Every structure is written in C-alpha cells, then in structure tokens.
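Biologist: I am new to this protein and would like to examine a single part of it closely. Please begin with one pair of strands and build the surroundings outward from there.

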Amino acid sequence: MAVSSFARAFPSFECRSDPDFSRPEIPSAGCGGFSGKSQSAILRGGAAAHGLSSLILRFPPNFVRQLSNKARRNCSNIGVAQVVAASWSNNQGASGSTPAAKAVDAALAAVAPVEIETGVEDVVPAAEDPSPNAENVQPEGLPPFKYASFLNSDGSVAIHAGERLGRGIVTDAITTPVVNTSAYFFKKTADLIDFKEKRSTSFEYGRYGNYTTVVAEEKISALEGAESTILMASGMCVSTVMLMALVPAGGHLVTTTDCYRKTRVFIENFLPKMGITATVIDPADIGGLESALENNNVALFFTESPTNPFLRCVDIEKVSKLCHAKGALVCIDGTFATPLNQKALALGADIVVQSATKYIGGHNDVLAGSISGPEKLISAVRNLHHVLGGALNPNAAYLIIRGMKTLHLRIQQQNSTAQRMAEILEAHPKISRVYYPGLASHPEHHLAKKQMNGFGGVVSFEVDGDLLITAKFVDALKIPYIAPSFGGCESIVDQPAIMSYWDLSPSERAKYGIMDNLVRFSFGVEDFEDLKADILQALEKI
C-alpha cells in the first residue's frame, strides 16, 4: 500500500514525541511538584533512501499487541496507526512469508535487537522481512522529553497522565473506556506463536493486565515519579505480595511499632511460616534500625509514613541511606500522605505502596492498592502477583482514574481542614492530646515540614474521658460516618479501641498505644465551618 501523500507531508514519519509516563526520571530529593523526564518512541520511515511515493510503513503481525506500551501510547494518531497496520497486511503477498512462520521453520535472520518493554518480560522483535523495497519500521528512543514543561503541577498530571498524551486504547473519547474482558484473542495461530516466542506482546489473560488498569497505573507512576506501578485488588494485597516477593524465605525485615493492624498480623503470624523474621522499632528509633541492620541480614525496611493511627513520621532520606549501605531495600506505605503530600521515591525509598481505596480513589466506593518503583523490583512483585491472582477489576480501575482527577482539589481541602481543626482541638479543654504532623507539638513536626508538602486529612486525638464518654462524643457527631477507612469525600470517624482492637483486652491494646479514649477523624471535603460546628457541639455533649 503506497502512502505517498502522507509521506510528502511527513518526510520522516514519527509518532508525536509525547512523554512516556512509565519511565520518568526520579528527582534527586525534595517533595515539590513532580517534574520527571522520560523517553518517547519514534517510528522512522526511510524517505531519504527511497522514493517518497514508494514508501511502505510496516509492522509485524498482530500490530496492536506488537508495539510496546511505550510506543502505543506515543503513537496516538489513530489514522497513522491504521495506515501502518493496513500497509503491513497489504504487503504480505509480496513478502511471501511471515515472521511467525520463519520462527517455526528456520532461525531468525540476524538483525539488531530492539528493546520492547512490556512490564513483564523481554520481547524480541520479529526477523526482518526480506522484501527488498520495504523499510523496517521499529520503535527507537528519543532524547529525554520534559512533559512537565506544560504540566507543571501534580494536579494537572493527575488529570492527564496516561490519557491526554496517548493511551493503549484506540478511542477518541475524552474519558478512558472500561475494557471488561477476561481474555485477549489472537487472530491466527501464527500470531499466538509470535507472542509465545516473544516477538509480540499481549496481556493474553485478564489476570495479567487490562488496558483500563494500565491508564490508572500510569497516572500513579507519574505522581510517584516511578518507572512502573501495579494496581491490585486492595492495599493489603499489595503489601502481602510485596513482602513475599522481596523478602526471601528465611530472610529478615524491619518494621515499625505503629502501623495498620492487619499488616502487623501478617508480619507476626504468617511470614514466620516462611521462616521470615522481623525486628520492630519505634518510627524514630534510628539506633534501633542501625542495630537491626548490623545484627541481621535485613532484606527490607517497611514502614508507613505517616503511620496509622498516630501519624508518626519516618526520616525517609536517612533510613534509605542506612539501609542501602547494608544492601537492604526500603518500602514506604504513603497512604496517609498521598503522592501529592510526599514523594517517597524522591526522598530515597526504593518502593512506595498506597491503599488506593483511600485518598487516591477518594470517594469511598472502590478497593484497590498500588505499588510503585523501579521496573526491576516491580517486575519481581508482578511475577508473584500474576500467580496469586489479586487482579483489580477494570471497573474499579475506572473509578480510580475518575477519582484521581479531583485528587489535588480534595487534598487541598482536607489538608486545610485537618490543620485548622487540629489546632482547635489541641486548645479545647475536653481534648487531652492531639496527634497531627502539622502541629508543633508532634514529635516529628520538623521532619514532616522537611519531607511533606501537606500533612494530610486525618487527625487523631484523645478525649478527656473513658471508653463510654468517648463513644458518647462519637455518637453525638452528625456529619461523619462511624466507619473504618479514611481519605474519602465524606468525613469518617472511629474509635480504634472498638473499631480495630475490640478483640483485645485493654492491657493488650495499651501495648500498641491504643487507649480507650483515642479517636481517629478523617476529614472529608465538607465545608470547614460545618465540620467545626459539628465537632464542637459534640464535645459540648460530654
């Protein structure tokens, strides 16, 4: 198929040089707006060597799957993609053979390999077509492109990453479609053989990937400054798969005292069955970390920052340097911070996980978890994830995409409301203590100011009273729901002694610092004055 008119318009055909959100350069330090660099793909026709009127643009069979995610995202001109695909089909009669047939019947011709990244395994390009008049079209790397030159804030990135600049789904819709499929088909056996012998790519099966989910993953990667992200069915799914994938059998990890209870249960009760042991330290105990690194072959340091429910902060930069010096990885659960308030990877962490159920989804209507970091580490997690099968439903991925488009607006409101209410609560005579990184009284306040842009929408505090008086205060509130979770548009309140630790005795709860009068309040996006009035009237009832 000759495309002379197209070639005249574009003598050297190339996809638009939009950024690839799966390969941003991680900033060296700080937690300001993300401004990573990335590489785009380019498809070159040999117009200089051949007549423009005879230029034929070709792709190997199974065009949509053959291109890497990188190239497909950047080749967002659908008309060009159709021309290329049609050109290949029309050229088959002249070539007389297909790459799949050649792979089965004979050795591949000697051609320079082209790296095609799938996020799962390496792909080898098909052998060069022997047609003497055709040009081989392959993706190549462009110089780094700074997409933040026109997306200068995390808010803009959260809206447009993975979508505005090209996506793997062929559509002219503004919103990303939901691809509800359990499997992906091959047009013919030759295409399947190409895939099996790694000359083409495909998700193949719904557990291994989904086009809608990829868009959500790219948004999170862009915000985190990560090479790669995996979304799973829940935050706990991410944490457990990560621990099993990155801590070897018989290995050792270090974690902190203040953390989500189910994470602690997994570390204490399930990892020992694999011979994995753990050292538990206070979030600020740098000496304890140094001792653990010195006396154990530590594979991983895993902590939340801020932590749940006391919002303790870990010096991510310092612990990363200490751990890396001893060959240990650092994973930060940044759920309470979000990628907008804290850039854990830029501070030195190797991996960051999020319960996307919380702020990232932001509407109390979806369960999901994400893990982000360098491709090498994420691939190790992905391989185990594909075996265990905690895949995210594509409808849930769509809700994550939708939720992220208002993430920066919600975070601004929640940061502001939480800070103002923390200050009011700290001065109130019926509140004995407030836990919030934005307060000067917080033990890691200066650290939080250094490594965070904002302090989040959750405030924990202790009511001046016992279990029943505290419950009376909670019941007197009119706006927040009594529920677990946090980070959504609706405010949520809970009494951890009852919500999360009711199965333990008061003395056992006290070991974890959970007192009967502790309250965790997640501020939503309601009007500040309404929330203030509601909390004050509830305090008047006790």
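In which sense do β4 and β5 pair, and over how many bridges?

Modeller: The two strands β4 and β5 are paired in the parallel sense, over 5 bridges. Two strands count as paired if DSSP finds at least two bridges between them. The elements are DSSP runs numbered from the N terminus, a helix being H or I over at least four residues and a strand E over at least two. The model is predicted, so that local features need a pLDDT of at least 70 and side-chain atom pairs count only at pLDDT 80 or more, while totals for chains, interfaces and linings use all residues. Residues are numbered from 1 along each chain as its sequence is written, and side-chain values use heavy atoms, with hydrogens and water left out.

Within this pair, Thr 256 has Ile 281 of β5 opposite it. On another partner, β4 runs parallel to β6, with 4 bridges joining them; here Val 254 has Phe 301 in β6 as its bridge partner.

These strands belong to an open sheet of 7 strands with mixed pairing, in the order β3-β9-β8-β7-β6-β4-β5. The edges are formed by β3 (228–232) and β5, and each of these has a single partner strand, so one side of each is left without a neighbour in the sheet. From one strand to the next, the twist averages 20°. Axes here are lines fitted to C-alpha atoms, for helices over the stretch in contact, and angles between N-to-C directions run from 0 to 180 degrees.

The strand β4 is largely enclosed by the rest of the structure, because 5 of its 5 residues are buried. Buried means under 20% relative accessible area, exposed means over 50%, and partly exposed lies in between, for a 1.4 Å probe and protein chains only. In a regular strand the side chains alternate between the two faces of the sheet. In β4 both faces are covered: His 252, Val 254 and Thr 256 are buried on one side, and Leu 253 and Thr 255 are buried on the other.

Two helices help to describe these surroundings. Helix α9 (residues 235–246) lies across β3, β4, β6, β7 (329–333), β8 (351–354) and β9 (369–373), and runs at about 165° to β6. The second is α11 (residues 286–295), in which Gly 288, Leu 289, Ala 292 and Leu 293 are buried. These four cover an arc of only 135° around the axis, which puts them on the same side of α11; the arc is taken over the directions from the helix axis to the C-beta atoms. An α-helix has 3.6 residues a turn, so residues three or four places apart point the same way.

The buried residues of α11 pack against β4 (252–256), β5 (277–281), β6 (298–304) and α12 (316–325), contact meaning heavy atoms within 4.5 Å. Exposed residues, Glu 294 and Asn 295, are carried on the face of α11 turned away from its buried side. Where α11 starts, Asp 285 brings a side-chain oxygen to within 3.4 Å of the backbone nitrogen of Gly 287. This is judged as a polar contact, a pair of N or O atoms within 3.5 Å, of which, within protein, one must be able to donate a hydrogen and the other to accept it; residues adjacent in sequence count only if both atoms are side-chain atoms.

Two cysteines may be added to this picture. Cys 331 is buried, with a relative accessible area of 0%, and Cys 313 also counts as buried, at 1%. The structure holds 0 disulfides, a disulfide being a pair of cysteine sulfur atoms within 2.5 Å.

For the wider setting, the protein chain has 21 helices and 14 strands, and buried residues make up 57% of its 542 residues. Of the contacts between residues at least 6 apart in sequence, 76% join residues at least 24 apart. The chain also contains an open sheet of 5 strands, in the order β10-β11-β14-β13-β12, again with mixed pairing. At its edges stand β10 (431–435) and β12 (481–482), each with a single partner strand, so one side of each lacks a neighbour in the sheet. Helix α16 (residues 407–426) packs on that sheet and touches β10 and β11, its direction making about 15° with that of β11.
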